[in-house]
Every structure is written in structure tokens, then in C-alpha cells.
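Please take a moment to look over the sequence and the model shown here. The paragraphs after them lead from the confidence of the prediction, through the two chains and the surface they share, to single residues.

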Amino acid sequence: MAGRGRGGAIALAAGVLALALVVAFGAARIPHSAYAVVGPRVVPFAVAALLGGLGLLLLAQALAGQLVPEESFAGEPLDRRALGWVAGGLVLNVALIQPLGFVLASTLLFVCVARGFGSARPARDAGIGLVLALAVFLAFSRLLGVRFGGGLVEDLVGLVP
Amino acid sequence: METLAALGQGFLVALQPVNLGWGLLGVTLGTFVGVLPGLGPALTIALLLPITYTVDATAAFILFAGIYYGAMYGGSTTSILLNTPGESATIITALEGHRMALAGRGGPALATAAIGSFVAGTLGTLGLTFLAPTVVELALAFGPADYFSLMILAFVTVSATLGSHPLRGLTALAFGIWLGLVGVDLQTGQARFTFGLLELLDGINVIIVCVGLFAVGETLWLAHRASLRESSIVPVRGSLWLSAEDWRRSWPAWLRGAGIGFPIGALPAGGAEVPTFLSYWLERRLARRPEEFGRGAIEGVAGPEAANNASAAGVLVPMLTLGLPTSATAAIVLSAFQSYGINPGPLLMETQPQLVWGLIASLYIGNLLLLALNLPLVGLWVRVLSIPQPLLYAGILVFATIGTYGISQSPIDLLLLYAIGAVGFLMRLWGFPTAPVIIGMILGPLAEQELRRALTISQGDLSVFLTRPLSASLLLLALLALFAPLLWRRLVRRNLAGG
């Protein structure tokens, strides 16, 4: 896979350099006055400089072929199916959590991730996911006092004192 | 004597039935998440941070401390039976422990790990009890400049010195410091790096970063290669009782492990991995039959397990006396202190004796509970390991979502969570350590605060960091910590080339 070779390493170092630029521009946009000894921009600029320096060193390592992934997985293909189900579940969750509410959106997430990790029983997963999401929701909202907004299941549960 | 009286008071607090209950809940939960691969104490405590709004501080910290210690015990069970370390500090345990399990000596391996954890955890807690008041006395002499330099030293050691890739560690640290800068600057009221989003004015919540890196990142990591998801549990065979021979070989290793683990944990460098590596190396050196190493030597489990637990106690020394977190878990606990409006530091023991000594006493009790929980009940924890992977990781992501969505019910937070999860995945792929991100995020703003204090006192004169002897020596140490490993490696390479 190209992302893990030298090209990937160079892209990674470039990403760190890009982050350094984002931090530097962000720091320059912070309003400041000459009043404070250490204004709000000092540490941000220092972080930008640090990231920039590290990015250059990483780039040098990448060009020298020394920036290599931790594990090589020789010849093993990327598991696109599993990654796709997990990432898809996360995207669905963020899109549906407000219209459907936490419990139903989480049940869907549960089914997708279980599928990605090789489960072949979506109906069973949906049942387990629903019970787990409901239990977690009740524990966090009733015991910890965390608020979750509305939702189909949440409103029904809310009717129970 | 004063210390013993204070500790006695602490036991009165920790032995209250309510607090005993919190302690028991903590160690049980801690063992549970320690056993589960992919869940760790930092993530668990982060998810439970909302508890700080409803429960009083002493109870919350007794709970968190129980989780912290419990995860160390649970992690070893996973390392021995599954060869997948449940916790980064138990990687070494897997080396010999898993071999022992494969050879039908899983029982003695679990027993020497649990008893060694108890012995070293208790010795480490004793060390904490008597060292902490001394460190507090030293720390009272620290001025803002000294604190700033101490934090710089901690930054270098946690990210560059202890890891295998200093550049990657420092990059992770800088990323974390940047994340910590987002939001309104408390001193000047200026918004920093909020990109016009109201959600970011209060800063990025550490829960989101922790859950993103450790839960979402870990799940994506396991999803990306099918071979990572293959694992098989070795059933526990062999008696849980140690034979006379096992005892004879274990106890010196426990004591040596504790002797290595506590001081290294207590240094402002932290990290439980290094002491476990050192202990393994030492046991191998001292072993009467070094050829057994690699084939299931009991000293190779006993020593590193003891080192791991003693260093967990050691990490609490800089945490409670200086407010200096040197592990991801300690950083999360520090943010829990902040949530109560308490600033850990040399004054903490004086202003909150109930809290500090109650916490320390609960560590002694927790160790005892953990021994009982892990030895006779080990069969129960083995059953936890048999939760099917699809359900386990699906469940972890549901917990990750609730922990994040519960903060402000904002999908923006969820997007941020997934973005940080993706970063965590990339970091894992390329061998960037993640703990420095959390430490930088929590410690960065504190370092900025000390920098400002120091320069306000000195009226902008930067030389204050070099003219105060304490600050100057700390900065010198930081410089050494940054470059010594580099020079060392070069020296070794030259020797190898020459020899």
C-alpha cells in the first residue's frame, strides 16, 4: 500500500509541517496588546516553531527512508471492508444522533461496528446494542446527571418516573 | 510520626462504608477494563469524569485510584492468557507469562503476577506515604521559574527520553500542547484557535481527546488489518498455588521489581514501561538458569509485574506533591482535580488532608481487595476475556459516543472525536506514542501559567530561568534528557562498528 511506503512517510512529515503553518497563522490572528509581559500569542508561536522544526526533522528522516511504520504487516492487504463498516457506522451515528436520539443512533453504530469486526448476526447485534445503549443512557442520565437531549426512545423512557 | 497520624486519619476516611464501597467499585471496574484488551485506566477515568459533578471529591478519587490500580492487575491476566497486553505496561509480562501459559503453567504465572503486584503495590504505596511529605517540603521552595523548568523537564522525559522514537514523541507532545491552547486564554480573555466555533471557546474537552485516541483510534487500528483481530485464549492450567520453588524464585524478583519501579515512577519522568523493561533485563542477568528466559521463566513475570505496580504508586508522588502528571492516567486524574477547583501541588496535603490521606489509605485497602479479587476469582475474569470481539468493540464505541455526546449534546463534539480518532489511528500506524498528547494537553496550559508568573515577577527578564540554581539545573537535566539518548545511541553504534 502506497500510504505506508516512503511516499506515505513524506506525506506524514508534510502533514506535521502543514499543522505548524495552521498553528502559526492561528497564532498571528490572536488579538494582543503590548500590555502583558507574556501575551496570549507567545506560547502559540513557540508551539508553531516547535512543530515546524520537528516537521523538518521528520521530513529529513522520511527522505532518508528512516521514518517507517511501527509494524510492517508484510504483504497483508488493508481490511477495507472492516474499516468501511466502522467508519460508516461513525458517520451514520453523527448524522442521526440528533434526529433519532442517542439510543437508536448508538444501536445502529453498534450493529455496523460488530459487522465490521466479523459478526454475521445483525438482528442479535441490534438487540444487544439496544439494551446496552439504553442501559448506558439510563446510567449516565440518572446516576451521573448527564443530559442527552430528546429522541424517540429517550422520550418514551422519560415518561417513566 | 506526623505521617503515621495523618495516615491513620486517612484510614478512618477510607474505611467509611461508603468509601469502601467506592473503592471496591473502583478496583472491580479497574480489573474489568484492565482485562479487556483495548480499554485502559485513562480511557475509563475519562469516561467517568462527569461523576465529579455529582459525587464528593474524596469518593471520586478513591474510585479513580481503584481503577488505576485495578487496571494494572487486570492487564497482566490478559497478557498471560491472551498474549495481547491489556495495558501498555504489561507488554513485558506477555513475554514470559504467555509462554508459561502455553506450557501449562498459567496458574503459577497468574499467581506470581497477582501476589507480586500486591507486594510491590503495597511497598510502592509505603514509599508514597513516606516520600510525599518530604517532596512537599522541597517543593515549597519552588518558585514559578522552577516549576516551569520542571515541566519542561517532564515534557522532554515523557516524550523523548523514554520512547523509542524521540522525534515522534516530541511531535505528539507539541500536538497535545496545541490542543490544550484552544479556547479562551484565561489570563487575557482572548480566544485562541477557535476557528469561529462557539463550541471551542471553552477549549477542547480532555475527555474527547482521550476517548478519541484510545477508543476510536484503537478500534480503527484493529479494524485495518485482519491479522490484528486473531487471538486465542489459553485456558488456565496448573494450580494457582505457587510451589516452594516458585516462591523461592519469585520473591527476590518482586522486591527487585519494586525497587526499580517505585523510584523510576516517582521521578518526574514517569512511564511504567521503562521499569518493566529494566526489571526484565535485570532478572535475566541474575537468573541462575537464563536459558529458561524466552521459554517461560517465572522471574520474568514476577519482576516486571512488581515493577509495573510499584511505578504506578511512584507516579502518584509528583502527581500529588507537585501537580505534575507523568502518565496519561495521571493527567486525566489531574483534570478531575481541576474539575473540583483543586490545584494539586505542595499545598494540597495541607489544605485537603482528608482527601490526600484518604486516597493513600484507600490504595492500601485497594491492593488487598485486588489480591482477593484476582486470585480466587481469576476464572471470572477469564470469562470476561471471552466476550466476542465484535460485541466488545461495538460496545466500546457506544461508550465513547455517550462519553462525548453527554458533554454538550453537540454533533460538533462527535466530529471532533472522530477526527481525533483518525489522528490516533495514524499515530498508531506510524509509531507515534499517544500518552504525550494527553500530558501536553493538561500540562501545557499549566506550564504557560508558570511562565507568565515567572516573567511577571522578573519583569520580563528571561534570565530568571538560568539565574535561579534550581531552575537552571532542571533545564540542564532537560537538555541532557533530550540529547543523552541520541549521543548514547551514536556511541553504541560506533562501538559496534569498531568492534
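In this predicted model, chain B has a mean pLDDT of 89, and 97% of its residues reach 70 or more. Confidence varies along the chain: among the elements of chain B, helix H8 (residues 166-181) has the highest mean pLDDT, 95, whereas helix H21 (residues 469-498) has the lowest, 84. For the complex as a whole, the predictor gives an ipTM of 0.91 and a pTM of 0.91.

Chain A is a good place to begin with the architecture, since its plan can be stated briefly. It has six helices and zero strands, and reading along its sequence gives the pattern α-α-α-α-α-α. The radius of gyration of chain A is 23 Å, well over the 15 Å that the globule rule gives for 161 residues, so chain A is more spread out than a compact globule. Along its principal axes, the C-alpha trace of chain A spans about 60 × 55 × 25 Å. Of the 161 residues of chain A, 34% count as buried, and among the contacts in this chain with a separation of 6 or more, 56% join residues 24 or more positions apart.

Within chain A, helix H4 (residues 102-116) rewards a closer look. At 1.5 Å a residue, its 15 residues should span 21 Å, and its end C-alpha atoms are indeed 21 Å apart, which agrees. The helix H4(A) is mostly covered, with 13 of its 15 residues buried, and it is followed by Gly118(A), whose phi is positive, near 100 degrees.

Leu100(A) shows how parts of chain A that lie apart in sequence can meet in space. This residue is found in helix H3 (residues 80-100) of chain A. Is Leu100(A) buried or partly exposed? With 19 other C-beta atoms within 10 Å, Leu100(A) is partly exposed, because a residue counts as buried at 20 or more. The C-alpha atoms of Leu100(A) and Gly150(A) are separated by 8.4 Å, although these two residues are 50 residues apart along the chain. Leaving aside residues up to four places away in sequence, Leu100(A) touches Ala105(A), Gly151(A) and Leu152(A).

Turning to where the chains meet, 51 residues of chain B are in contact with 59 residues of chain A. On the side of chain B that touches chain A, at least two residues each are supplied by H8, helix H9 (206-224), helix H17 (389-408), helix H18 (411-429) and helix H19 (435-457) of chain B. The largest share of this side, 13 residues, comes from H17(B). Sorted by class, the side of chain B that touches chain A has 30 nonpolar, 15 polar and six charged residues.

The interior can be followed through the largest nonpolar core, which holds 216 residues, and in which Cys210(B), Val211(B) and Ile438(B) touch the most other members. Helix H4 (residues 57-82) of chain B gives the most to this core, with 16 residues. Which residues does Ile438(B) touch, not counting residues up to four places away in sequence? They are Ala42(B), Gly176(B), Val206(B), Val209(B), Cys210(B), Ala328(B), Ala331(B) and Ile332(B).

Another helix of chain B to trace is H11 (residues 273-286), which has 14 residues and reaches 20 Å from its first C-alpha to its last, close to the 20 Å expected at 1.5 Å a residue. Its buried residues include Glu273(B), Val274(B), Pro275(B), Thr276(B), Ser279(B), Tyr280(B) and Glu283(B). What covers the buried residues of H11(B) includes helix H5 (91-102), helix H10 (244-266) and helix H12 (299-322) of chain B.

Finally, the backbone itself deserves attention. Most residues other than glycine have a negative phi. Phe193(B) has a positive phi of about 55 degrees although it is not a glycine, and Gln459(B) likewise has a positive phi of about 55 degrees without being a glycine. Phe193(B) is found in the loop between strand S2 (191-192) and H9 of chain B, while Gln459(B) lies in the loop between H19 and helix H20 (464-467) of chain B. Their surroundings can be compared by counting neighbours: Phe193(B) is buried, with 20 other C-beta atoms within 10 Å, whereas Gln459(B) is exposed, with 8 other C-beta atoms within 10 Å.

Terms used: Residues numbered from 1 in each chain as written. Chains lettered and ligands numbered in written order. Predicted model: local features only at pLDDT ≥ 70, side-chain atom pairs only at ≥ 80, totals over all residues. pLDDT = per-residue confidence, 0-100. Helix = DSSP H or I, 4+ residues; strand = E, 2+ residues; numbered from the N terminus. Expected span 1.5 Å × (residues − 1). Buried ≥ 20, exposed ≤ 12 C-beta atoms within 10 Å, placed from the backbone. Contact = placed C-beta atoms within 7 Å. Nonpolar A, V, L, I, M, F, W, Y, C, P; charged D, E, K, R; others polar. Rg over C-alpha atoms; globule rule 2.2 N^0.38 Å. Core = buried A, V, L, I, M, F, W, Y, C linked by C-beta atoms within 7 Å.
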